[in-house]
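Q: I have a model with a bound ligand and some internal cavities. Can you show me how to read them?

A: Yes. Here it is; we start at the metal.

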Amino acid sequence: MRVAEKADIALELDDIQSGVLRPRPTPYASTYIALRIDDARAGRELLGRVLKVVTSAANPTSPLADTWASVALTYPGLKTLGVPQQYLDSFAWEFRQGMAARAADLGDTGESAPENWEEPLGKSDIHVVLVAVSPDKQRLEEVVARARSVYEGMQGIKAIWRQDCHALPTDKEPFGFRDGISHPAIEGSGIPGTNPKELPFKAGEFVIGYPDEMGSIQKTEPEILGRNGTYVIFRKLHQRVADFRKFLKENSTNVEGEELLAAKMMGRWRSGAPLALCPLHDNPELGADPKRNNNFLYEADDAVGLHTPGGSHIRRTNPRDASIAGVARIHRMIRRGTAYGTMLPEGTLEDDGADRGLMFAFVGAHPGRQFEFVQSQWVNDGVFFGAGADKDPIIGSNDSESSFTVPRKPVRRRLQGLPRFVVTRGGEYCFIPGLKALRWLADFET
Ligand code: N7H
């Protein structure tokens, strides 16, 4: 099936995996299952079987609409399957390196460094990642069972890691913010974005084989292997919720109470309401309204960040039309992240030792200029908007030297010595093939 919004754009939705384009349901439950391939023939058979459970983006009204499974492969996975080096070399350089090798550039140092990651993340043992998605736990078990039936009992295939995640009906993540609000529109996908003021993006930004914002078409060798595929980057990010709450309490003032300070750091109130539209008081109704909660730009109303600080999480990771060094549109990403672990009870200021955080998931055709650029230049540096070495106050690799500036009249407020609230537990760079490419890999003879 081909769907066209404009005469010149037609995305082959029936060849693109569902999880690439379709926003996840809310509420939501999902499971990541990582597999190791010990035998190339078994690996190819596995991909043939996987085709029976993976759904395409073609039919949003199918009975499986809200439950689906996706499959992704790491670079060591493609290698283990026996894909020749000349074909492997046509994939993005960062993907070929893998996340652990890119640690220094990503700010994964100290306690976030690969030597401290959860096993087996970053160890080249993960070859295939299956992701099962469903609106609730009960239906999730059905999808997981379907996914498990694909590999269980297979000689040469071993499940080596599992991570369960969820999105609450409120979409609140462990720090208490509503997540999953801002999504780009993609030409030809039929799925609208959430900001009416943001022009749809060229499909090649998010799917391989189509023109992108730079006018280029990315191709792999052979073309069928990459076409309608894309890259997905998983990061297990532990959140120090008690530390975050304590920081808010200790740094709140009469002018900036805890909730306003949290909002200044995020760019949105915890309800999801953006400071751009309600700078002084929260508006939970606006925060919950998908028609209004992402309908804004920065430059005309707030060029210097008096409402939404340039250093806040959402303005850094998507400066929209704000004037910055560079062009924001070529660094946009699809996010599919969700929370893991239990929530720390409201009001608790002591850590209970439980692991909780976000399974961050990036989807995009350009891991270098999209994910890596944002992570290294916008999250862990502030030069692009004139804030020196300031890092993201929520997710930056902060230390005792770090600061965060809240622009204000007559004088700005500068918070010093921000702790690190988010620690990397590990992650993988993966490729999520189109369905024809999966068939090609399954049938490939070495
Ligand atoms: Fe972020 N959070 O839940 O607190 N993020 N994020 N993120 N993030 C956003 O707009 C969060 C992370 C982006 O278009 C919201 O959907 C947490 C990484 C981008 O306005 C919230 C972690 C990267 C946007 C969070 C985390 C990004 C965004 C507001 C880690 C990229 C859209 C809700 C533990 C390298 C910005 C929303 C826009 C929004 C949270 C990580 C990127 C609440 C806790 C690693 C592009």
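Q: Which protein donor does the iron atom of the ligand have?

A: Keep in mind that this is a predicted model. A donor is an N, O or S atom within 2.8 Å of the metal. Here the iron atom of the ligand has His313 (NE2) as its only protein donor, at 2.1 Å. His313 lies in helix α13.

Q: Which polar side-chain atoms lie 2.9 Å or less from N or O atoms of the ligand?

A: Look for N or O pairs within 3.5 Å. Ser182 puts a side-chain N or O atom 2.6 Å from a ligand oxygen atom. For Asn318, a polar side-chain atom is 2.9 Å from an oxygen atom of the ligand. His313 appears again: an N or O atom of its side chain is 2.9 Å from a ligand nitrogen atom.

Q: Which elements give two or more residues to the shell around the ligand?

A: They are β5 (230-239), α13 (313-317), β8 (357-364) and α14 (368-379).

Q: How many residues are around the ligand, and which come nearest?

A: There are 26. Glu173, Ile181, Ser182, His313 and Arg320 come nearest. By class, the shell has twelve nonpolar, seven polar and seven charged residues.

Q: How many cavities of 30 Å³ or more are there?

A: The count comes to five. Cavities are found on the protein atoms alone, so a ligand site can show up as one. That is the case here: the ligand takes the space of the largest cavity.

Q: How much space lies in the largest cavity, and which residues are closest to its centre?

A: About 800 Å³. Its lining has 45 residues, with His313, Arg335, Leu358, Phe360 and Ile395 closest to the centre. β5, α13, β8, α14 and β11 (422-432) each give two or more residues to this lining. α14 gives the most, with four. The classes are 18 nonpolar, 15 polar and twelve charged residues.

Q: What about the second largest cavity: how much space, and which residues?

A: About 200 Å³ of space lies there. Of its 18 lining residues, Gly19, Ser70, Val131, Val232 and Arg336 are closest to the centre. Elements giving two or more residues are α1 (18-21), β1 (28-37), β2 (68-74), β3 (128-134), β5 and β8. β2 gives the most, with four residues.

Q: How does the lining of the second largest cavity divide by class?

A: It has 14 nonpolar, two polar and two charged residues.

Note on methods
Residues numbered from 1 in each chain as written. Predicted model: local features only at pLDDT ≥ 70, side-chain atom pairs only at ≥ 80, totals over all residues. Heavy atoms only, no water. Near = heavy atom within 4 Å. Polar contact = N/O pair within 3.5 Å; in protein donor to acceptor, adjacent residues only side chain to side chain. 1 Å grid on protein atoms, 1.4 Å probe; cavity = no way out; pocket = protein on both sides within 12 Å on 5 of 7 lines; lining within 4 Å. Sits in = over half its atoms within 2 Å of the grid points. Nonpolar A, V, L, I, M, F, W, Y, C, P; charged D, E, K, R; others polar. Donors = N, O, S within 2.8 Å, 3.2 Å for Na, K, Ca; no water. Points joined across faces, edges and corners; volume = space filled by probe spheres on them.
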